[in-house]
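Subject: A structure for you to explore

Hi,

Here is the structure I promised to pass on. Have a look around it first, then read my notes below.

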Number of protein chains: 2
Amino acid sequence: MGVEIERKFLVVNQDFKQQGQGTFLRQGYICSDPGRIVRVRIEAERAMLTIKGLSTDISCSEWEYPIPLADAQILLDTVCQQPLIEKTRYRIPLAGLIWEVDEFIGDNLGLIVAEVELESEQQQFERPAWLGEEVSHDRRYANANLLKHPYKDWA
Amino acid sequence: MGVEIERKFLVVNQDFKQQGQGTFLRQGYICSDPGRIVRVRIEAERAMLTIKGLSTDISCSEWEYPIPLADAQILLDTVCQQPLIEKTRYRIPLAGLIWEVDEFIGDNLGLIVAEVELESEQQQFERPAWLGEEVSHDRRYANANLLKHPYKDWA
């Protein structure tokens, strides 16, 4: 188990694409209740099962287990809630931290968010130029919520 | 992934205890929706995460992953739905098959069920003398249902 401390922001332009590589992610949720999240994710050829427990606004208990790719494909297609979440994730190193920028497609097309993992809730960090408003405390941006209330319906 | 074909029966006396050894099981459910079951189980010092997909009456898609014992203990205590299911499982070899007899405690005290895993839905098998009524088709006996409707409330 680890405790994740993450801050999440909107992204105001596409300049981040010059700063890091993108990989395609396909993920789904077997369970998306607050405090009981079970996620299946395929990134490139790597598959992972992740369990998330109760979270405060920006920290969350999390357990991750690698699983066979073939299992993940069947779990995504037959067990997970539909539709799946699909996005390209860019990993961008900046001033000793790694920013993960997710550009969504499908029902969440148009949404781009950036996350950074910190060691404490108070840790200072350098803001990239493309960083916009912080949405760490806005539950609508949680991927498990994007399932039920996709970005295309926010208007 | 495997497809499990199981038949489940009530048990009419305690003679089975002379035919096999018992180990204590503690298990809980992160998700217990039909078609989306995520179970955490500790048996002796071994911990397992199990996902079950949609099932017919007696067959079910199932994926099992071993996880660290310490993770399972925290998952059972902080993430799983409460109360947990606790039971002693006896493994009884008979005529080439293994019968698993579960004697429940806690909210399901008094309930004893026997399960056998078969290779096809038509496979014949020898009935042990302590075997009672078949309950394969009775959803009340599914462990995920015993959580919500424990045996003590059946009257």
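Before we start, one term: a residue is called buried if 20 or more other C-beta atoms lie within 10 Å of its own, and exposed if 12 or fewer do. Please also keep in mind that this is a predicted model.

Let's use that term on helix H1 of chain B. Its buried residues are Ala72(B), Leu75(B), Leu76(B) and Val79(B). These four are on the same side of H1(B), because they cover an arc of only 120 degrees around the axis. Here is some background that may help: an α-helix has 3.6 residues a turn, so residues three or four places apart point the same way. On the face of H1(B) turned away from the buried side you will find the exposed residues Ala70(B) and Asp77(B).

Now for how the two chains meet. On chain B, 16 residues are in contact with 16 residues of chain A. Two or more residues each come from strands S2 (21-33), S3 (36-43), S4 (46-55) and S5 (59-67) and from helix H1 (69-79) of chain B. H1(B) gives the most to this side, with 5 residues. Sorted by class, the side of chain B that touches chain A holds 12 nonpolar, 2 polar and 2 charged residues.

How are the two copies related? A turn of 180 degrees, with a shift of 0.0 Å along the axis, lays chain B on chain A with an RMSD of 0.0 Å. That is the relation of a two-fold axis. Both copies use the same surface, as 100% of the contact residues of chain B recur in chain A. If you want to find the rotation axis, go to Cys31(B): of the residues of chain B, its C-alpha comes closest, at 3.1 Å.

Next, the inside. The largest nonpolar core has 38 residues, and those with the most contacts inside it are Ile30(A), Val38(A), Ile30(B) and Val38(B). Take Ile30(A) as an example: leaving out residues up to four places away in sequence, Ile30(A) touches Val38(A), Val40(A), Val79(A) and Cys80(A), as well as Cys31(B), Arg36(B), Val38(B) and Ile51(B).

Tyr29(A) deserves a visit too. An unreviewed UniProt entry places the feature "active site" at this residue. Tyr29(A) is found in strand S2 of chain A. Is Tyr29(A) buried or exposed? It counts as buried, because it has 25 C-beta neighbours inside 10 Å. Beyond its neighbours within four places in sequence, Tyr29(A) is in contact with several residues, including Ile37(A), Arg39(A), Gln81(A) and Leu147(A).

Finally, some backbone details. Most residues other than glycine have a negative phi, and most peptide bonds are trans. In chain A, a cis peptide bond joins Gln82(A) and Pro83(A), with omega about 0 degrees. Pro83(A) sits in the loop between helix H1 and strand S6 (85-94) of chain A. Chain B has a cis peptide bond between Gln82(B) and Pro83(B), with omega about -5 degrees.

Ala44(A) is not a glycine, yet has a positive phi of about 55 degrees. This alanine is in the loop between strands S3 and S4 of chain A, and counts as exposed because it has 9 C-beta neighbours inside 10 Å. Ala95(B) has a positive phi as well, near 50 degrees, and lies in the loop between S6 and strand S7 (97-104) of chain B.

Enjoy exploring!

Note on methods
Residues are numbered from 1 along each chain as its sequence is written. Chains are lettered from A and ligands numbered from 1 in the order in which they are written. This is a predicted model: local features need pLDDT of at least 70, side-chain atom pairs count only at pLDDT 80 or more; totals for chains, interfaces and linings use all residues. Two residues are in contact if their C-beta atoms, placed from the backbone, lie within 7 Å. Ala, Val, Leu, Ile, Met, Phe, Trp, Tyr, Cys and Pro count as nonpolar, Asp, Glu, Lys and Arg as charged, and the others, Gly among them, as polar. UniProt positions are given in the numbering used here, feature names are shortened, and annotations may be inferred rather than shown by experiment. The arc is that of the directions from the helix axis to the C-beta atoms. A nonpolar core is a set of buried Ala, Val, Leu, Ile, Met, Phe, Trp, Tyr and Cys residues joined through C-beta atoms within 7 Å. Copies are superposed by least squares on the C-alpha atoms of residues with pLDDT of at least 70 in both.
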